[in-house]
Amino acid sequence: MDKFSVGLPPSSDLKPVSYLQHDFETYRPKYKLSLFLFIITFFSILMVGAQYSISYRGNGPAEIDPEFFSLLKHPSRLAIGFPFTFALLGFFMAHEMGHYLVCRYYGIRATLPYFIPFPNLIGTMGAFIRIKSPFRSRRELFDVGIAGPIAGFFVAVPALIMSLPFSKVAPMKPGFVYFLFGESLFFKFVTKLFGLYFPPGMDINYHPVAMAALVGFFATFLNLLPVGQLDGGHVIYSLFGHRHRLISRIFVFAVVPILMFFWRWWAVWAIIPLALGLNHPPTADDHIPLGSARRALAIFALIIFVLSFSPTPIRIIM
């Protein structure tokens, strides 16, 4: 979510409809831009999903063919990418709409989700909304921040449970580059639940929906990092106020270097928060307590954070 500034008088009373409601009602989201980006992202993910589905059906390694644009010559073949596309878009949509709907509940101005098409391993850089008015209290900040990860998690969980049993095990073939997804705690729980075993030296040929779910878990973990103005940063600020800054710095300068022993790309998740800033602006009234129910929900978010974690999210084997 985007940065914001606080310019409203403090409020000691939280109501779903507030003095921000007038601003919300006069604000008109850019529906055309959101729809345009969604359509472009849909097709960029669909082309990647079709490639993964072809690899899955052929029992080969998950890969993106350099000639994958040739799929445009055979539109009917793109249809097999729908399962991956719907699962991945469903995750990102649930996450961002979780934020957006809570903003609407509180009368906070926010854009509709903007999806980002990108030619990478999943066809997108995700999605985001922009918050265009300040939060009145830490309760509002907490509710908006935590809604996205929880909504996305409840989409990724059934997607993984339903699709992982259809994944295949195949020997690794020489001459191929393999991209192996890391095994989160929830992934290990599901494999044990279904009695699945993936021996070393073998490639897990994920069902496309399972691949989308694993991306969802990784994205959930990243969003819940307790730094800056990520979702996890919002939650931490809601819980600990000005101590948020210390917690952010401990994570970036102590935890990330440890994680780099497992996966060097964790360095990126130290650079990005440093570039965006580790501080968090105050709400209009930081003195309204969260209450026991929200603190219990914060513990649930911590459980989601742990279950979604993998020390090595992506491994490349050549």
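## A buried glycine in a loop

A residue counts as buried when its relative accessible area is under 20%. In this predicted model, Gly182 has a relative accessibility of 13% and therefore counts as buried. Gly182 belongs to the loop that runs between strand E4 (178–181) and helix H6 (185–193).

Which residues does Gly182 touch, apart from those up to four places away in sequence? They are Ser310, Thr312, Pro313 and Ile314. Ile314 is 132 residues from Gly182 along the chain, yet the C-alpha atoms of the two are separated by 5.5 Å.

## The chain as a whole

The protein chain has 318 residues, and buried residues make up 50% of them. Its secondary structure consists of eleven helices and six strands.

Contacts across the sequence can also be described for the whole chain. Of the contacts with a separation of 6 or more, 79% are between residues 24 or more positions apart. The contact between Gly182 and Ile314 joins residues 132 places apart along the chain.

## Two salt bridges

Side chains of opposite charge can pair when their charged atoms come close. How many salt bridges does a search of the whole structure find? The search finds two.

One salt bridge joins the side chains of Arg136 and Glu140, with a distance of 2.4 Å from N to O. Both partners are buried: Arg136 has a relative accessible area of 2%, and Glu140 has one of 0%. Another salt bridge is formed by Asp143 and Arg294, whose closest N and O atoms are 2.9 Å apart. Because Asp143 lies in helix H5 (residues 138–163) and Arg294 in helix H11 (residues 292–307), this pair ties together parts that are 151 residues apart in sequence. Asp143 and Arg294 are both buried.

## The surroundings of Arg294

Arg294, in helix H11, has further partners. Its side chain makes a polar contact with the side chain of Tyr106, at 3.4 Å. When residues up to four places away in sequence are not counted, Arg294 touches Tyr106, Arg139, Phe142 and Asp143. Tyr106 is thus a polar partner of Arg294, while Asp143 is its partner in a salt bridge.

## An enclosed helix

Is helix H8 (residues 231–240) largely enclosed or largely exposed? Nine of its ten residues are buried, so H8 is largely enclosed by the rest of the structure. The buried residues are Asp231, Gly232, Gly233, His234, Val235, Ile236, Tyr237, Ser238 and Leu239.

These buried residues pack against several other helices, namely H4, H5, H7, H9 (244–259) and H11. Gly241 follows H8 and has a positive phi, near 60 degrees.

## Two cavities

The structure contains two cavities of 30 Å³ or more. The largest cavity has a volume of about 40 Å³. Its lining is made of Ala87, Phe91, Val155, Ala156, Ala159, Val209, Ala212, Ala213 and Gly216.

Which helices each supply at least two residues of this lining? They are H4 (82–106), H5 and H7 (208–223). H7 gives the most to the lining of the largest cavity, with four residues. By type, the lining residues comprise eight nonpolar, one polar and no charged.

## Two further buried residues in helices

Phe305 is found in helix H11. Its relative accessible area is 17%, so Phe305 is buried. Leaving aside neighbours within four places in sequence, Phe305 is in contact with Phe221, Leu224, Leu225 and Pro226. Phe305 and Phe221 are 84 residues apart along the chain, and their C-alpha atoms are separated by 5.4 Å.

Val190 has its place in helix H6. With a relative accessibility of 0%, Val190 also counts as buried. Apart from neighbours within four places in sequence, Val190 is in contact with Leu160, Ile161 and Leu164. Val190 and Pro165 lie 25 residues apart in sequence, with 9.0 Å between their C-alpha atoms.

How values were computed: Residues are numbered from 1 along each chain as its sequence is written. This is a predicted model: local features need pLDDT of at least 70, side-chain atom pairs count only at pLDDT 80 or more; totals for chains, interfaces and linings use all residues. Side-chain values use heavy atoms; hydrogens and water are left out. A salt bridge is a side-chain nitrogen of Lys or Arg within 4 Å of a carboxyl oxygen of Asp or Glu. Buried means under 20% relative accessible area, exposed over 50%, partly exposed in between (1.4 Å probe, protein chains only). A polar contact is a pair of N or O atoms within 3.5 Å; within protein, one must be able to donate a hydrogen and the other to accept it, and residues adjacent in sequence count only if both atoms are side-chain atoms. Contact means heavy atoms within 4.5 Å. On a 1 Å grid over the protein atoms alone, a cavity is a set of points where a 1.4 Å probe fits but cannot get out, and a pocket is an open set with protein on both sides within 12 Å along at least five of seven lines; lining residues have an atom within 4 Å of a point. Grid points are joined across faces, edges and corners, and a volume is the space filled by probe spheres set on the points. Ala, Val, Leu, Ile, Met, Phe, Trp, Tyr, Cys and Pro count as nonpolar, Asp, Glu, Lys and Arg as charged, and the others, Gly among them, as polar.
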